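Here is an informal walk through one protein model, written for someone who would rather look at the structure than at a list of numbers. Keep the viewer open and follow along.

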Amino acid sequence: MTASVFDHPFLSGLLGDEEIAAFFSVDADIRAMLSFEAALAKAQAEQGIVPAEAAARIAEVCGNFLPDVLALRRATATDGVVIPELVRQLRKAIGGDAADRLHFGATSQDVIDTSLMLRLTSVCRLLCGRLDRLRGAFGEIDRQWGANPLLARTRMQAAIAISVSDRVNAWNAPLASYEDRLERMAVVSFPLQFGGAAGTLEKLGDKAGVVRAALAEHLGLADHPQWQSQRTTIADLAHILSLISGSLGKFGQDIALLAQACDEIELSGGGGSSAMPHKQNPVAAEALVALARFNAVQLSGIHQSMVHEQERSGAAWTLEWMILPQMAIACGASLRLASVLVDQIKRLGAEGG
């Protein structure tokens, strides 16, 4: 039993998304954190800040290091972040003088935020692929039944005759914009976070800028000045996630209403009822509505987390950890369920149209 539907033993079958959730797993997070530490040592070695042999040793250990996760958990309960204990374990594994060169000039937030940026890059690419496939599926519906008549309804009341194409376009049109925005975020790259103790990279002196640029290049991220208290990137992504699930919620709501009357749509593969065996419930459509509403609520929490006091906020930062992964999984589940629902449509529009 879990407190979240997204990794619940059976509710996750409906509302979860294993592909997206994998990017928020402990293993994925730690791998990205280790990539940061190895790339930082390499960038500093290129500027003579860290000996080349020390950087090589750090990279070697980071490449296959398996931390004591239980110890990480215990330490996080005290430190509030995982990095002090992770660095302690890494230094022990590295040994010698190279151990002292690990994490030089960096702070916990640099590692944690950069890990998130690396993983969100992959999440965005995955979501883009799903959006593209869903747009193609809507296009196929249009090709098959676009000319069929459909009764328009405004304010839940019968209005005038339209075509299936008119309704499908309302479902499909926003998706191209979302795909384009996510692609830009992935291609332009999410930003590296590297600011040191208070955002000034004071330990690197006049080499701070060049080390940051090299670190960003090694990690495939954008070279931006530190943004540890400026969370626009997080808020922008959360906004797009909510927009996607919101538009797909509209699709789900429309299908559920069409299924209520049954004369303008034929669906297969609906959910069964324990009391009424004759029913096929529009489960995917209903879940799309629920996920849209969920992300709409979570978005306000992300906006709350933009209020970072002074140079770093523990409270606002923690709130992000609680909300953003669930929003990403909810968005992924929405795209997955929308594709399932499209495949369940066997006819759309009035028969004989």
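## A tour from one helix outward

Let's begin at a single spot: just after α6, Gly95 takes a positive phi of about 70 degrees. Bear in mind that this is a predicted model.

**Helix α6 and what packs on it**

Step back from Gly95 and you are on α6 itself, which runs over residues 83–94. Does its length add up? With 12 residues at 1.5 Å a residue, α6 should span 16 Å, and because its end C-alpha atoms are 16 Å apart, the model agrees with that expectation.

Which residues of α6 are buried? They are Ile83, Glu85, Leu86, Val87, Gln89, Leu90 and Ile94. If you want to make sense of a list like that, remember that an α-helix has 3.6 residues a turn, so residues three or four places apart point the same way. The cover over the buried residues of α6 includes α3 (26–46), α4 (52–64) and α5 (69–79), along with α7 (96–101) and α8 (108–145).

**The overall picture**

Zooming out, the protein's secondary structure comes to 13 helices and 4 strands. Its C-alpha trace spans about 80 × 40 × 35 Å along the principal axes. Of the 353 residues, 51% count as buried. Take the contacts between residues at least 6 apart in sequence: 78% of them join residues at least 24 apart.

**The largest pocket**

Now for the largest pocket, which has a volume of about 850 Å³. It is lined by 29 residues, and the closest to its centre are Phe24, Val26, Asp29, Trp321 and Pro325. Where does the lining come from? At least two residues each are supplied by α3, α5, α8 and α13 (314–344). The largest share belongs to α13, with 8 residues. Sorted by class, the lining has 18 nonpolar, 5 polar and 6 charged residues.

**The β1–β2 hairpin**

On to some strands. β1 (residues 149–154) and β2 (residues 157–163) pair in the antiparallel sense, over 5 bridges. One pairing to click on is Leu150, whose bridge partner in β2 is Ile162. The hairpin has 2 residues between the strands, and Arg155 there takes a positive phi near 55 degrees. Met156 is also found in the loop between β1 and β2, and its phi is near 70 degrees, a positive value in a residue other than glycine.

Is Met156 buried or exposed? Its relative accessible area is 61%, and because the cut-off for exposed is over 50%, Met156 counts as exposed.

**A buried loop residue**

Leu201 makes a nice companion case. Its phi is near 50 degrees, again a positive value in a residue other than glycine. Leu201 lies in the loop between α9 (164–188) and α10 (208–219). At 5% relative accessibility it falls under the 20% cut-off, so Leu201 counts as buried.

**Ser12 and Pro51**

Two more residues are worth a click. Ser12 sits in helix α1 (residues 12–15), while Pro51 is found in the loop between α3 and α4. Leaving out residues up to four places away in sequence, Ser12 touches Val5, Phe6 and Asp7, and Pro51 touches Ala45 and Arg101.

For a sense of distance, the C-alpha atoms of Ser12 and Ala333 are separated by 9.4 Å, with their positions 321 residues apart along the chain. For Pro51 and Ile345, 294 residues apart along the chain, the C-alpha separation is 63 Å.

Here are the accessibility values for the residues picked out above.

| Residue | Relative accessible area | Class |
|---|---|---|
| Ser12 | 22% | partly exposed |
| Pro51 | 28% | partly exposed |
| Met156 | 61% | exposed |
| Leu201 | 5% | buried |

Ser12 and Pro51 land in the middle class because partly exposed covers what lies between the 20% and 50% cut-offs.

Definitions and conventions
Residues are numbered from 1 along each chain as its sequence is written. This is a predicted model: local features need pLDDT of at least 70, side-chain atom pairs count only at pLDDT 80 or more; totals for chains, interfaces and linings use all residues. Side-chain values use heavy atoms; hydrogens and water are left out. The expected span of a helix is 1.5 Å times one less than its number of residues. Buried means under 20% relative accessible area, exposed over 50%, partly exposed in between (1.4 Å probe, protein chains only). Contact means heavy atoms within 4.5 Å. On a 1 Å grid over the protein atoms alone, a cavity is a set of points where a 1.4 Å probe fits but cannot get out, and a pocket is an open set with protein on both sides within 12 Å along at least five of seven lines; lining residues have an atom within 4 Å of a point. Grid points are joined across faces, edges and corners, and a volume is the space filled by probe spheres set on the points. Ala, Val, Leu, Ile, Met, Phe, Trp, Tyr, Cys and Pro count as nonpolar, Asp, Glu, Lys and Arg as charged, and the others, Gly among them, as polar. Two strands pair if DSSP finds at least two bridges between them.
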